[in-house]
Amino acid sequence: MAGAHAASTDPNALSWYEATARQRVVALADPGSVQEFLPPTERRMSPHLPLFDLPRAFDDGIVVGRAKLDGKTVLVAAQEGRFMGGAFGEIHGAKLVGLLRAALTLKPAAVLILFDTGGVRLQEANAGETAIAETMRAIVDVRAAGIPVIGLIGGRAGCYGGGGLIAGTCSRLAVSEGGRISVSGPEVIETNKGAEEFDSRDRALVWRTMGGKHRRLIGGADVFCADTVSAFRQAALDLIGRAPAFDLATLEAEQARLESRIERFGDCRDATDIWARLGVNDPEAVPAMATRAFDETVSRVREADHDAR
Amino acid sequence: MTEWRGERQARDARIQAGRAHADGKVVPAGSVVDLLEAVLRPGDRVCLEGDNQKQADCLARGLAACDPGKVHDLHMVQSGIVLPEHLDVFETGIAKRLDYSYSGPQGARIAKMLYGGQIQLGAVHTYLELFARYFVDLTPHVALIAGVSADRDGNLYTGPNTEDTPTVVEATAFKNGVVIAQVNQIVDKVPRVDIPGDRIDFVVEADTPFYVEPLFTRDPAAMTETQILIAMMAIKGIYAEYGIRRLNHGIGFGTAAIELLLPTYGEKLGLKGQICTHWALNPHPTLIPAIESGWVQQVHCFGSEVGMDRYIRARPDIFFTGADGSLRSNRAFCQTAGLYACDMFIGATLQIDLMGHSSTITQSRVAGFGGAPNMGSDPHGRRHPSDAWMKAGREGQVVGDPALMRGRKLVVQLVETFGEKLVPTFVEKLDALELAKKIGLELAPVMIYADDVTHIVTEEGIANLLLCRDADEREQAIRGVAGYTDVGRGRDRAKVEELRARGVIRRPEDLGIEPLDADRALLAAKSIKDLVHWSGGLYEPPAKFRNW
């Protein structure tokens with residue numbers, strides 16, 4: 001795998017954004033604890049891509065397995081954003097769904113999903129869409145069984161399309177500055193609504209609207225972390241420890257939170273308007289803030305933390 | 001009785017006519033069309049300033065809005081065909097003839113209009129050629145230029161993007177022409193006088209600040225391991241071997257990767273101070289880590305780069321700055337520096353043929369030349385030696401008296417064997433030839449001619465064309481680094497191995513480079529934000545390059 005030779009394996013130095021899916025899993029878990037299911041040697045590849053004369057990946061762009069995190073057993077899935085933008089295809093989706101269903105019998109301390117995806121793979125759209133639905137159903141079952149499902153988002157492809165929907169069903173989410181969470185991507189919005197509505201080439205706008213800081217400030221993510229594997233590991237441990245209950249009260253609270261959010265911010269033209277309304281003193285300064293200063297800002301915003309999801 | 005002052009009288013009449021729409025020299029933005037219609041005469045040669053960076057866009061809009069009944073058949077002599085208005089004037093009949101240099105974004109439309117006969121083309125030039133012709137036979141009657149600010153006397157502050165302005169004004173103002181400047185604002189006192197007021201006849205306060213394209217910003221996040229491998233080979237196999245200290249870089253990702261490898265890979269090879277000390281180069285954001293690590297002694301610039309102004313201001317030991325602190329760039333001088341004072345040009349291209357001719361023209365686009373052929377050519381007028389230049393000269397000399405040997409500039413093409421969308425870079429025949437035939441160009445638009453190219457670097461290796469002794473060797477040397485393209489697969493294996501044994505072709509392993517070491521971890525900056533950190537927060541990238 002690219003990068004394995006010369007890249008640092010020191011979790012404190014290894015950039016999550018730069019790392020491959022496999023590097024992330026290995027460096028995130030306790031040393032030597034990763035046991036991969038259906039590894040590349042099994043060659044479970046997409047049956048559809050050859051129809052389009054497209055190259056396949058031996059793991060169909062996702063790493064799944066079992067690992068230890070601080071001594072506790074967890075199940076891990078990591079999408080490879082460098083293969084077809086981490087998109088969901090039939091095998092890719094089946095590996096994730098299978099892992100989640102296995103959690104019901106294996107009873108791990110948590111399931112970690114390392115999102116890095118543009119959504120469903122267009123070449124196998126029906127299978128991909130089905131996989132999204134099955135994944136969300138499986139997450140509901142896992143959470144109902146009392147097992148937290150934690151999403152970690154900070155990869156090159158962001159977390160878009162069906163990935164954004166799945167993220168919404170997780171117990172908790174951690175995101176870095178480079179991470180983006182949304183359903184429709186910037187180009188899709190621009191294509192449908194015009195550049196006046198959303199200029200996808202204005203990357204500062206994209207990040208203000210979908211990026212890690214914005215998601216954290218409005219409570220769309222629960223931890224904002226630096227772009228290192230060790231920061232994501234710490235975030236995962238932290239979030240496993242404070243996963244919310246999964247019951248009717250939680251769902252009703254989430255419904256109420258989303259309704260009030262539209263009411264409060266529905267007329268805002270830019271994320272900075274929302275941040276100002278949330279009580280951030282200098283919204284224009286948020287994008288350039290370093291992690292620590294941003295954490296302090298978040299700590300003063302009441303709505304950023306909730307158990308609703 | 002010979003009339004010796006006809007041009008001067010015509011100029012006075014134009015200015016007189018224009019004054020009706022001005023308060024002194026100052027013209028409100030709303031009166032631009034009136035001013036232009038008063039000053040311009042049918043058939044005038046007009047320089048509408050604009051190149052690959054800044055644009056006199058307010059004046060361009062004004063010119064396009066003129067009445068073709070009053071203003072028509074102009075002969076446009078300008079660096080860049082970049083804005084839609086630059087071509088609109090040919091559709092309405094305001095302009096008829098064109099001599100230009102660069103046409104990046106309008107390349108497809110200009111090809112169509114040339115084919116359709118809407119434009120009578122003089123020639124596509126390099127920047128320096130066009131500037132030279134301003135002083136010989138393409139002297140503008142009217143120049144429409146752009147600056148940051150002016151006072152009411154017309155003293156002009158061009159700002160960091162000085163670029164072509166001094167050259168255009170020199171040719172126009174001193175040969176009975178009229179100079180009209182658009183500025184972002186009229187001030188009581190300009191920060192620095194880039195153009196004295198007696199060379200500026202009218203000043204228009206533009207409705208919006210003039211546009212500048214951030215053409216020289218390359219996002220480290222998009223750099224690939226292949227580009228890093230190519231950059232490593234270039235540094236070890238060319239920069240180090242020839243001891244290149246004075247140079248120019250193109251705008252591609254390959255050269256940007258080299259800039260980012262200097263403080264890491266270059267440092268490891270112990271090359272600091274030995275290479276890359278003096279530059280003719282725009283202020284590339286990707287050069288920041290090398291500057292901050294002490295690699296760079298000085299940089300002269302063609303223009304500025306969006307977001308770099310504060311950083312440049314804080315580094316006057318490196319850049320050319322005025323008493324006011326801001327960058328002073330100058331395209332004509334920097335192009336001359338690139339041509340005569342640099343030992344190497346290294347840049348990318350879209351197509352290379354079997355002899356090494358290269359072109360950025362595809363079947364439907366005329367991109368123009370800009371300045372690359374000035375940098376990427378061996379100047380036969382050079383008379384000063386340097387170690388790098390002499391070494392290249394020795395390698396290239398085949399016959400003749402060694403006592404009469406002269407040096408060679410290194411002209412290096414840095415390409416991946418397959419370009420964007422897996423289009424092969426190496427071809428049997430350049431698309432430029434087909435296009436020249438189609439639209440009737442007398443001269444095929446070749447960016448860099450084969451006899452100027454000294455090295456081609458791809459992910460497969462380096463071909464040193466200086467060491468080739470005949471056309472067949474040259475072809476096999478090029479095929480030998482052309483990878484899995486049809487050209488590459490058509491190689492004579494035995495001949496390529498022989499060339500490799502002679503060091504004409506060198507693979508990564510011949511250079512002691514392990515391809516698996518080509519990792520993004522080697523980049524001194526992996527993102528635009530890293531560049532901001534390197535600059536101590538002084539670099540302010542434009543929104544399109546920010547992922548925060």
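**Strand β6 of chain B and its neighbours**

I began with V142(B), and I found that V142(B) stands opposite V178(B) in strand β8 of chain B. I keep in mind throughout that this is a predicted model. I then counted the pairing between β6(B) and β8(B), the latter covering residues 178–186, and noted 8 bridges between the two strands, which run parallel.

I looked next at strand β2 of chain B, residues 45–48, which is joined to β6(B) by 3 bridges, again with the strands running parallel. In this pairing I recorded L144(B) in β6(B) as the bridge partner of L48(B).

I asked myself which strand pairs with β6(B) in the antiparallel sense. I found that β7 of chain B, residues 156–157, does so over 2 bridges, and that A150(B) has L156(B) in β7(B) as its bridge partner. The hairpin of β6(B) and β7(B) has 5 residues between the strands, and within this hairpin I noted a positive phi near 95° for G154(B).

I also checked the cover of β6(B), which spans residues 142–150, and I entered the strand as mostly covered, with 8 of its 9 residues buried.

**Helix α4 of chain B**

I went on to helix α4 of chain B, residues 84–91, where I listed E85(B), H86(B), L87(B), V89(B) and F90(B) as buried. When I looked up what covers these buried residues, I found that the cover includes β2, α3 (57–64), β3 (74–80), β4 (95–102) and α5 (107–115) of chain B. Just after α4(B) I marked G93(B), which takes a positive phi of about 90°.

**The eight-stranded sheet of chain B**

I traced an open sheet of 8 strands in chain B, in the order β12-β11-β10-β13-β16-β17-β18-β19, and I noted that the pairing is mixed. Why is one side of β12 and of β19 left without a neighbour in the sheet? I wrote down that β12 (298–300) and β19 (505–506) of chain B stand at the edges with a single partner strand each, so one side of each has no neighbour there.

Within this sheet I followed β10(B), residues 246–249, which pairs in the parallel sense with β11(B), residues 278–280, over 2 bridges. Here the bridge partner of L247(B) is W279(B). I traced the chain from β10(B) through helix α9 of chain B, residues 253–268, to β11(B), and I entered this β-α-β crossover as right-handed. I then found β10(B) paired in the parallel sense with β13(B), residues 344–347, over 3 bridges, where L247(B) has M344(B) as its bridge partner.

Further along the sheet I noted 3 bridges joining β16(B), residues 410–414, to β17(B), residues 455–458, with the strands running parallel; the bridge partner of V412(B) in β17(B) is H455(B).

**Salt bridges**

I searched the whole structure and recorded 57 salt bridges over all chains.

In chain B I picked out the salt bridge of E163(B) with R331(B), in which the closest N and O atoms are 3.2 Å apart. This pair links distant parts of the chain, since I place E163(B) in the loop between β7 and α7 (165–173) and R331(B) in helix α12 (residues 331–341), 168 residues apart. Are these two residues buried or exposed? I found E163(B) buried at 0% relative accessibility, and R331(B) buried at 2%. I also noted that D51(B), E163(B), D164(B) and R331(B) are linked in a network of salt bridges.

In chain A I looked up E36(A) and R22(A), whose side chains meet in a salt bridge at 3.1 Å, N to O. Because E36(A) lies in strand β1 and R22(A) in helix α1 (residues 21–28), the pair ties together parts that are 14 residues apart in sequence. I entered E36(A) as partly exposed at 22% relative accessibility, whereas R22(A) counts as buried at 19%.

**Loops of chain A**

I ended with backbone angles and surface in chain A. R43(A), a residue other than glycine, has a positive phi near 50°, and I placed R43(A) in the loop between β1 and β2. D70(A), likewise not a glycine, has a positive phi of about 55°; I found D70(A) in the loop between β2 and β3 (72–79), exposed with a relative accessible area of 54%.

Lastly, I noted a nonpolar surface patch of about 310 Å² made by L51(A), F52(A) and L54(A). I placed L54(A) in the loop between β1 (35–37) and β2 (62–69), and L54(A) counts as partly exposed at 30% relative accessibility.

Methods: Residues are numbered from 1 along each chain as its sequence is written. Chains are lettered from A and ligands numbered from 1 in the order in which they are written. This is a predicted model: local features need pLDDT of at least 70, side-chain atom pairs count only at pLDDT 80 or more; totals for chains, interfaces and linings use all residues. Side-chain values use heavy atoms; hydrogens and water are left out. Buried means under 20% relative accessible area, exposed over 50%, partly exposed in between (1.4 Å probe, protein chains only). Helices (H or I, at least four residues) and strands (E, at least two) are DSSP runs, numbered from the N terminus. Two strands pair if DSSP finds at least two bridges between them. Contact means heavy atoms within 4.5 Å. Patches are made of residues with over 30% relative accessible area and no salt bridge: like charges are joined within 9 Å, nonpolar side chains (Val, Leu, Ile, Met, Phe, Trp, Tyr) within 5 Å. Accessible areas come from the Shrake-Rupley method with a 1.4 Å probe; for residues, only the protein chains shown count as cover. A salt bridge is a side-chain nitrogen of Lys or Arg within 4 Å of a carboxyl oxygen of Asp or Glu. A crossover is right-handed if, with the strands pointing away from the viewer, the path from the first strand over the helix to the second runs clockwise.
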